[in-house]
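Welcome, and please load the model in your viewer. We will stop at a few side chains and then step back to the whole chain.

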Amino acid sequence: MIILGPKANVSESEIVNQMHLLGLPLTIKQTCYGAMVSGKEKDVITAIKEVRKMDPYNIFTKDRGGFPPGDPRRCRGHRKGPREGFHQMEKEFKLLGFVSDALKNPKEVSLEEETCVPLEEFEKIMKECLEEEKLDKDDIKDKKRSENKK
């Protein structure tokens, strides 16, 4: 399945037309979310790579169950309702905008969990800060005294 993200700059018909232009032996079906493609694995992968070039950050793929497009055992037209898994895909679609943004603007992340500063170290830091603050205040007082004497 080829799924267009919410920020896609191409339409479902554009990606289907592009796949047809490749001339590969594929079964291609335009859908409300993108397209379904079936055929030999190498041909499907080739088609996906070419289509992704159209909008690399907003075209996503997902393996579909083992039934070909239009199979009466799974086709919603024969089952009178949404295909199994459609609601899952609908939920996933809501996240694709965030995935797209992350692909466009990658950031380095750390998987290490942040920990609290041990109490003893915190107390030591606070004492140092208070001593520096006291020294700064004493310096200001000394400067004022020396200015007043002048």
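Start by selecting Asp-101, which is partly exposed, with a relative accessible area of 30%. This is a predicted model, so keep that in mind as you go. Now add Lys-7: its side chain meets that of Asp-101 in a salt bridge, 2.7 Å from N to O. Lys-7 sits in the loop between strand E1 (2–4) and helix H1 (12–21), while Asp-101 belongs to helix H4 (residues 86–104), so the pair ties together parts that are 94 residues apart in sequence. Lys-7 is also partly exposed, at a relative accessible area of 39%.

Stay on helix H4 and select Glu-92 next, together with Lys-62. Their side chains form a salt bridge, 2.6 Å from N to O. This pair, too, links distant parts of the chain: Glu-92 is in helix H4 and Lys-62 in the loop between strand E4 (59–61) and helix H3 (76–79), 30 residues apart. Glu-92 counts as partly exposed at 28% relative accessibility, and Lys-62 does so at 27%.

For the next stop, pick Lys-53 and Glu-50, a salt bridge whose closest N and O atoms are 3.0 Å apart. Lys-53 is exposed, at 58% relative accessibility, whereas Glu-50 is partly exposed, with a relative accessible area of 27%. How many salt bridges does the structure hold? There are three.

Finally, zoom out and color by secondary structure. You should find five helices and four strands, running β-α-β-β-α-β-α-α-α from the N terminus. Switch to a surface view: about 11800 Å² is accessible, 54% of it belonging to carbon and sulfur atoms. Of the 150 residues, 23% count as buried.

Terms used. Residues are numbered from 1 along each chain as its sequence is written. This is a predicted model: local features need pLDDT of at least 70, side-chain atom pairs count only at pLDDT 80 or more; totals for chains, interfaces and linings use all residues. Side-chain values use heavy atoms; hydrogens and water are left out. Helices (H or I, at least four residues) and strands (E, at least two) are DSSP runs, numbered from the N terminus. Buried means under 20% relative accessible area, exposed over 50%, partly exposed in between (1.4 Å probe, protein chains only). Accessible areas come from the Shrake-Rupley method with a 1.4 Å probe; for residues, only the protein chains shown count as cover. A salt bridge is a side-chain nitrogen of Lys or Arg within 4 Å of a carboxyl oxygen of Asp or Glu.
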